[in-house]
Structures are given as structure tokens and as C-alpha cells.
Amino acid sequence: MMQNGYPLFSVLMSVYKNEKSEYLKQALSSIIDQSVKPNEILIVEDGPLPNELREVLNAYENNSRISVRRIKLSKNHGLGYALNIGVREAKNDLIARMDTDDISVHDRFELQLKAFMDDINLVLVGGQIDEFESNIGNIVSQKSMPCNSKEILKYAKYRNPFNHPTVMFKKKAVLNVGNYSNIKGFEDYDLWGRLVTNSNNYANLNKVLVHMRIGNGLYSRRGGIKYLIRYYHLRKRLKKLLLINNREMLLGDIFMTVNAIVPVRIRKILYKHLLRQS
């Protein structure tokens, strides 16, 4: 199905109780203001929400010219579980991911749709992100990803090869490899591992598609023993897929072990100066 010369697509979001209503408004506004708009915004409410978040969702559901559809879960299950349901429930085969505290650039969806139209075999298209603190005028770094499938596959051996809030993918392709799992913190990386080992038709655009909000919470979440255990679990799954070999698994585990046990202030320096472009 087409609309104004472009394929129909859904935007998939998950929201839970601790998110900020003002950030949610900005995220939704960046979808509504796109040069090419979705015909469905699908929001999975991952557990009961406070009044201020429900009011924002009610306002968009009642007043937006784009269909806003909500799936309400009785309790909080986690991002992977919520997105797994969202993918299965989406009305369109093309699904764009969007986080509830980020801001998409004005022509993000148009650029991704053109990529799918230019190559009908593509199953996933991501892009680059700017990272900002406090407000969108305070860009502090850029998280760049390789663009072609060969470089993406190489990159995936050690790091997540797609910026999750930027991706647009084909529902059928994601369902064919098992959909999102619920490995907290690695829901997307686990999915991409299965996807890139089952297809070579994926890409990242060499353009910033999303302005991503970051704070000190980003660095504290990416450390600690629980985080490290989940990472080891992910790496075992990647090895089982034959995405990595024993040597690559060991090297990745060593780096992440160091990253997880250093103090948060040191981890912040590592991310900003080694893993990002300032």
C-alpha cells in the first residue's frame, strides 16, 4: 500500500512510568511534523502510567490526524517484551522505531522510505545520531555507524551495529528471525545479531536521523555486575549464531569487563573520547 507515493509504515514506541511527559511531547511532535508521515503510531504502555503521561497520550490520540493506537500492559515487563508485542501488532510491514525521549529530524522517514524504494531487498535501514544534553542546542557528540553491509557485519562482532532509535525495518524479516528478546539492555543488539547472520540486505544512512537525549544515567546503566552478566549472555548467543569466534568473543568480553567495573566518571570519559565523536 502507498500513500502520497511512499509505502505505508508504522512508528513503534514503548513508554513506561518513569519517563518525562515533556520529553514524550517532543518525541511525538517530531513524528507529527515529519515530511512524510506514518499512518500509524503504535505505543505500547509498559505497565500503568502516571496521570501526566496518560494526559499527553490522550491528547495525541484524540487530536492527531495520524492514527495513534495504544496497547496497555497490566504490568511492566521491559523494553524487549513490549517491542515484541508491538512488532506483532503493527498494521504495516514497514516499522520505524522511536524512543519516547528522542527527536527525529524532519526528513528522517522520507530518507529511509526512499532507501527501501530504491532497493526492494533491504530489510533494515538505520542512520547516525547526534547526542545532546539538556536541550537540542547542546549537541555534545555523534554516534556514527558503518553504512554498508560488509562493514556493519564486521562492526557487529564487537559493538551494536545500529542506533536503535533510528531503525526502520520490515516486520516480516524481524518475525522470521524470532522478533525482540528480553535481554535487558541488549534487546536490539541480540535481534540485529540474528538479522545480520540471516541476511546481507541492511544498511545505515550516512546522515543524522535522530537527536538522542543523554545524561549521566546512560553511563551508570552501562556498568555493574548485572549488566556484565547480561552482556556475557548476549555474546554466547552471538557465538552460537557464528557471528563471532572464540578470539573475538574473548576480546569483546575483556573490553566490556573493564568498561563495566570502572567508576562511572571514567566510563563517561571512555564513551565520550573513545566510542564517540565529539
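Contact here means heavy atoms within 4.5 Å, and in this predicted model that criterion links Tyr189, Asp190, Gly193 and Arg194 of helix H7 to Leu234, Arg235, Arg237 and Leu238 of helix H9. Sorted by class, the H7–H9 contact has three nonpolar, one polar and four charged residues. The axes of H7 and H9 lie 10 Å apart and the packing angle is about 5°. With the cut-off for roughly parallel set at under 35 degrees, H7 and H9 are therefore roughly parallel to each other.

H7 itself covers residues 187–196, and 10 of its 10 residues are buried, so the helix is largely enclosed by the rest of the structure. The buried set takes in charged side chains as well as nonpolar ones: Glu187, Asp188, Asp190 and Arg194 are in it, and so are Tyr189, Leu191, Trp192, Leu195 and Val196, along with Gly193. Just ahead of H7, in the loop that joins it to helix H6 (171–176), sits Asn179. Asn179 is buried too, at a relative accessible area of 3%, and its backbone has a positive phi of about 70° although the residue is not a glycine. As background, most residues other than glycine have a negative phi.

A second residue with that backbone feature is Asn4, where phi is near 55°, again positive in a residue other than glycine. Asn4 lies in the loop between strand E1 (2–3) and strand E2 (6–7). What about its surroundings, buried or exposed? Asn4 has a relative accessible area of 74% and is exposed, whereas Asn179 is buried.

Zooming out, the chain carries 11 helices and 11 strands. Its radius of gyration is 18 Å, close to the 19 Å that the globule rule gives for 278 residues, so the chain is as compact as a globular protein of that length. Along the principal axes, the C-alpha atoms fill a box of roughly 50 × 40 × 35 Å. Of the 278 residues, 53% are buried. Contacts with a separation of 6 or more come 78% from residues 24 or more positions apart.

Back to the helix pairs. Two packed helices are described by the angle between their axes and the distance between the axes. H9 (residues 225–240) and helix H10 (residues 246–261) have axes that come within 10 Å and cross at roughly 165°. That makes H9 roughly antiparallel to H10, and the crossing is right-handed. On the H9 side, Tyr227, Leu228, Tyr231, Tyr232, Arg235, Lys236 and Lys239 take part; on the H10 side, the partners are Asn246, Glu248, Met249, Gly252, Asp253, Met256, Thr257 and Ala260. This H9–H10 contact has seven nonpolar, three polar and five charged residues. Arg235 turns up here and also in the contact of H9 with H7.

Glu248 belongs to H10 and counts as buried, at 12% relative accessibility. Beyond its neighbours within four places in sequence, which residues is Glu248 in contact with? They are Lys157, Tyr158, Arg235 and Leu243.

Tyr158, one of those partners, is found in the loop between helix H5 (149–155) and strand E10 (168–170). Tyr158 is partly exposed, with a relative accessible area of 34%. Apart from neighbours within four places in sequence, Tyr158 is in contact with Tyr189, Tyr231, Arg235, Arg247, Glu248, Leu251 and Gly252. Among these, Tyr189 is in H7, while Tyr231 and Arg235 are in H9 and Glu248 and Gly252 are in H10. Tyr158 and Ile244 are 86 residues apart in sequence, yet their C-alpha atoms are 8.5 Å apart in space.

Earlier in the chain, helix H1 (residues 21–32) packs with helix H2 (residues 51–63) at an angle of about 20°, their axes being 9 Å apart. That makes H1 roughly parallel to H2, and H1 passes H2 in a right-handed crossing. From H1, Ser21, Leu24, Lys25, Leu28, Ser29 and Ile32 meet Glu52, Leu53, Val56, Leu57 and Tyr60 in H2. By class, the residues of this H1–H2 contact divide into seven nonpolar, two polar and two charged.

Conventions
Residues are numbered from 1 along each chain as its sequence is written. This is a predicted model: local features need pLDDT of at least 70, side-chain atom pairs count only at pLDDT 80 or more; totals for chains, interfaces and linings use all residues. Side-chain values use heavy atoms; hydrogens and water are left out. Axes are lines fitted to C-alpha atoms, for helices over the stretch in contact, and angles run from 0 to 180 degrees between N-to-C directions. Helices (H or I, at least four residues) and strands (E, at least two) are DSSP runs, numbered from the N terminus. Angles under 35 degrees count as roughly parallel, over 145 as roughly antiparallel, 65 to 115 as roughly perpendicular and the rest as oblique. A crossing is left-handed if the near helix is turned anticlockwise from the far one by less than a right angle, and right-handed if clockwise. Buried means under 20% relative accessible area, exposed over 50%, partly exposed in between (1.4 Å probe, protein chains only). The radius of gyration is taken over C-alpha atoms; the globule rule is 2.2 Å times the number of residues to the power 0.38.
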